[in-house]
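The exercises below concern one chain. Work through each task with the sequence and structure in view, then compare with the solution.

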Amino acid sequence: MAIFKRIADVAHKTVVTGLFATFCYTSFAVTGQMIEGYRNRGGNGAAQEEHHPQAGFIQMLKDKAAEEYQKYYRTDHREWYDKDDDSYLKNLPKPEDYAPKKK
């Protein structure tokens with residue numbers, strides 16, 4: 001019977017030590033992420049502006065979506081589909097319009 005008690009004690013200590021180690025590692029990882037976030041914000045809580053390589057294109061898409069949303073409920077105009085009309089090709093954005101300027 002003593003051997004089973006000894007095995008149970010070892011198993012219990014192993015589980016408790018494993019859970020404690022998991023807690024310590026998780027605390028370490030979360031603390032590291034918190035410190036990294038604090039440093040990325042410049043230490044004063046204000047987020048730094050990140051430069052996205054396609055920021056111009058994304059902003060152009062947002063502007064187009066806002067424009068289309070404004071026209072959605074207006075009934076004084078209709079944009080009818082014409083099979084032979086290819087004027088929409090002139091309105092397509094070109095990379096020169098939204099590409100970041102090279103320094």
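**Exercise 1.** Classify Tyr98 by its accessibility and place Tyr98 in the fold.

Solution. Tyr98 has a relative accessible area of 24%. Buried means under 20% relative accessible area and exposed over 50%, with partly exposed in between (1.4 Å probe, protein chains only). Tyr98 is therefore partly exposed. Tyr98 lies in helix α3; helices are DSSP runs of H or I with at least four residues, numbered from the N terminus.

The model is predicted: local features need pLDDT of at least 70, side-chain atom pairs count only at pLDDT 80 or more, and totals for chains, interfaces and linings use all residues. Residues are numbered from 1 along each chain as its sequence is written, and side-chain values use heavy atoms, with hydrogens and water left out.

**Exercise 2.** Which residues does Tyr98 touch, not counting residues up to four places away in sequence?

Solution. Contact means heavy atoms within 4.5 Å. By that criterion Tyr98 touches Gly56, Phe57, Met60 and Pro93. A C-alpha to C-alpha distance can be added: Tyr98 and Gln59 are 8.5 Å apart in space and 39 residues apart in sequence.

**Exercise 3.** Which element has the lowest mean pLDDT, and which the highest?

Solution. pLDDT is the predictor's confidence in each residue, from 0 to 100. The chain has 3 helices and 0 strands. Helix α3 (residues 95-98) has the lowest mean pLDDT, 73, and helix α1 (residues 2-40) the highest, 94. For the chain, the average is 81, and 81% of the residues score at least 70. Where pLDDT is low, the predicted coordinates should not be read in detail.

**Exercise 4.** Is Phe4 buried or exposed?

Solution. Phe4 belongs to helix α1. Its relative accessibility is 58%, so Phe4 counts as exposed. In the chain, 2% of the 103 residues count as buried.

Terms used:
Helix = DSSP H or I, 4+ residues; strand = E, 2+ residues; numbered from the N terminus.
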